[in-house]
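Welcome! Here are some short exercises to work through with the structure in view, each followed by its solution.

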Amino acid sequence: MSRRIVPIGPYHPLQEEPEFFKLIVEGEKVVDLEINIGYNHRGHEFIAQKMTYEQIPYLVERICGICSNSHPLAFVLAVEDAAAIEVPLRAQYIRTIIHELERVHSHFLWLGLAGHFIGYNTVWMWAWRYREPVLDLFEMITGNRNHYAMNKVGGVRRDILPEQVPLIEKALDEIETKTHMFTKAILDDPVILARLENVGVLPKEAAISYGVVGPTARASGVAIDVRKDDPHCAYDRIDWNIIVFKEGDILAKTKVRLLECLESLKIIRQCLKQLPEGPIENRVDEIAPGEGIGRAEAPRGEVFHYVRSDGRNSPVRHKIRAPSYMNIVSNEVAVKGYSIPDAALCLAAVDPCYCCTERMVAIESGKVRYTGKELIELSIKKTEQIQARYRK
Amino acid sequence: MKDIRLWGLKKSPWVFHVAAASCNNCDIEILAALTPRFDVERFGILLVGSPRHADALLVTGVINRKTLPRVIKVYEQTPKPCLVIGVGACSCSTHMFEDSYNVVGPYDKYIPVDVYIPGCPPKPEAIILGMVKALQKL
Amino acid sequence: MNELAVKLQDEILKKFPKAKIFKHNERRLYITVPKEQIYDITYFLHKEKGLRLSIATGIDTREGFEILYHFSQDKTGTFFTIKVLIPKDNPNVQSVAPIFKAAEWIEREMYELLGINFIGHPNLKPLLTSDDWPPDKYPLRRDYE
C-alpha cells in the first residue's frame, strides 16, 4: 500500500498555534509522524540576559498565555533557590491560590477545545462559559483576566483583601457544581467514550523513556507531580491527592484533568481558611552569585527554570523548559496505528502549548492535502457514525 | 458592484485568524469572544477555516523568521477587499521582543493593517470594539 | 537530606571516583564529572536508578562550554545536576540520545543555539530556528552580534 503524507499546519484551525505535523498514512492508518516546530520561537532566553530580575517575570509571563502564572512562579523559585531568599508565609499561600486557579481555568479551556474537535460544540461553549467566573476572580484579585503578574522575587505583588474572600468562596461553589456536571455528562455519554477510549494510548515505558510530565504522564501510570515530589509554596501544608490512571488513552487524560480541577478547588478552599496574617513580600535588593533551579507544576506538567547569577542585575544564563517540550515528542508513539481523525485528536489531547515549547525562539510530496475544515469535518463525521450506531 | 461586496462584508464579516509567534493569549481572547458571554456570532462574525473564505484577518503575535513567508502567503490568498486587524500589543509593535534574533515584526512592515487593538491581551470587549471600528471605516 | 538521596550520592561517588559533589541545599546537588564519563553516568542514573532527565542547559563561559544535565529523583524531589566542561576550540561531546528519546530534542537545541556537536546523535539538525538561518551563527554564544 502506498504511503501518503497528510500535512497538518502550520495554519490550522484545529490547533490555534502554528506548528507543522506530517502524518504519514497508509490507507486510513497513520504509520509515522514527523514534527516540525519553530514557528513560535521568539528568543526569550536571549532577551532574558539583558533584562533585570524585576523585569524578567514580565517577560517570562508572556511565554504562554495559558500557563501565564507557572513560568514566573518557577522563575522566582529559581532565583530564591539560588540566593536562599525566604518568602513570607502569607505570600506562599497567595501564590498557591493563584496557581490552582490557573489550573482550573486551563483545564476548562482544554475541555472546551477537545469538545470542539470531536464535534460537540456545546461542550466547547459551556466549558468556556464556566471558565468566565474564574477569569472574573482573577480580575478581582489581580486586575487582569490573563497575565496577572502576581509573582515577584521575594513574594507577591498584591494582597487578597478580607472582603474578597467570601466572593471567592461563592464563585468556587459554582465552579464545583459545574465541574461535577461536566464529569458526569462526559463519562456518561457512550459516543464520547467511544471516541476517547483506547485511542492514542501512550504506554508507561514510552512515557518514562520520553520523559513526559504532567497529566500526560499521570494518565499513563507514572505518578509524578512537582507539588508532591518537590513541594514549594504551601503544598506540603495542605491535604490533597494526586490523580493517576493507568490506561494511557485520551479518556484517561480527560479524567485526570477533570478530577484535578476538583482537587484544585479543595486546595484553594483550604488555603483561604489557613491564610495567615503577615507581610506579602520580603524585599530583596541584591541577588548573590550562585545557581538555582525552580520548578512548578503548570497545568501541562513540570515547568523548569534554571538561573545562574554572578551578583549583577541580570542573570548570566536563564534556561527555560516548558512541559510541552517533553510531551509533544511523545505523540510519535501515541499516534501510530490510528486513523486520521483520531490522530488529530491525539495531537490535541496532550494539551500542547507550542508557544511554551519554543519560547526560546507545507508538504508537497503527497498528492492529497486536507484543509483544516476538512479535518474537523472528518472528525465530526466519525462522531456521527458512532452516534448512528447508538441510535439504532 | 463594489458596494454590494462591501455591503456583504459589513453585514457579516467572516474572519480568519492568523497567529505568528504569539503567546496565544490574544488567540484565546479571540476565541472567548465567540463564547456565550460575548457571543459575536450574533453579529454575523464567524471564524472560517481557510483564508480564501475570509473577509477579515485577525492577526496576532510578533512575526518570526519562520512564519514570515507564510503570513505573506496567507495575506495574498485572502480575496480583496479585506480588513486586517492587529490584535494585541505584539502585532502593533514588537512589544518587548525587539532585541531578539528571531523576531522580524511588526505586521505593518509587511502587510497593510487597518485597525490596531492594543492590550496584552485586549479584553474581548476591546476586540469587538475594534472590529466595529474597522467595519465603520469601510 | 532525604536518605534515598544520600544513598544515591554515596553510590555515585563509589562508582565515579573522579566526580566532585557540591551540595547547594537539601534538594539541589551539583556534580562535576570529566566529559568522557557523561554517557556512563547518564546510563547509570536513568536506566539503573530510574532518574528522569528534566532538561540540559548549555552555557558559554570563559573556561569553555558547560553543559548541565538536570536529573530529577522524583521520589525525593532532589535534583542531581551533572556538569561537564567542553573546550571551545573542540566542542564535541558524546550524545546521550541513544539511551532515551527525551534527549533528542534537548541536544538538537543546544546544537543549534550554541554550536556543540553531539557525537552519535541520530538526527542532529536544527529544531527551532528557521530554514534560512545562517548555519554558523549561534545566538547564545557570548560573541554573537
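**Exercise 1: where chain A meets chain B**

Task: find how many residues of chain A are in contact with chain B, and which elements take part.

Solution: 35 residues of chain A are in contact with 33 residues of chain B, where contact means that two C-beta atoms, placed from the backbone, lie within 7 Å. Next, look for elements of chain A that give two or more residues to this side: they are helix H1 (44-48), helix H5 (121-129) and helix H17 (372-391). Of these, H5(A) gives the most, with three residues. Helices here are DSSP runs of H or I with at least four residues, strands are runs of E with at least two, and both are numbered from the N terminus.

A note on the model: it is predicted, so local features need pLDDT of at least 70 and side-chain atom pairs count only at pLDDT 80 or more, while totals for chains, interfaces and linings use all residues. Residues are numbered from 1 along each chain as its sequence is written, and chains are lettered from A and ligands numbered from 1 in the order in which they are written.

**Exercise 2: a helix in chain C**

Task: check the span of helix H3 (residues 103-114) of chain C, then decide whether H3(C) is mostly covered or uncovered.

Solution: start with the span. At 1.5 Å a residue (times one less than the number of residues), the twelve residues should span 16 Å, and the end C-alpha atoms are 16 Å apart, which agrees. Now the covering: ten of the twelve residues of H3(C) are buried, that is, 20 or more other C-beta atoms lie within 10 Å of their own, with C-beta atoms placed from the backbone. Among them are C:Trp105, C:Ile106 and C:Leu113. The cover includes helix H13 (323-329) of chain A, along with strands S3 (52-61) and S7 (117-119) of chain C.
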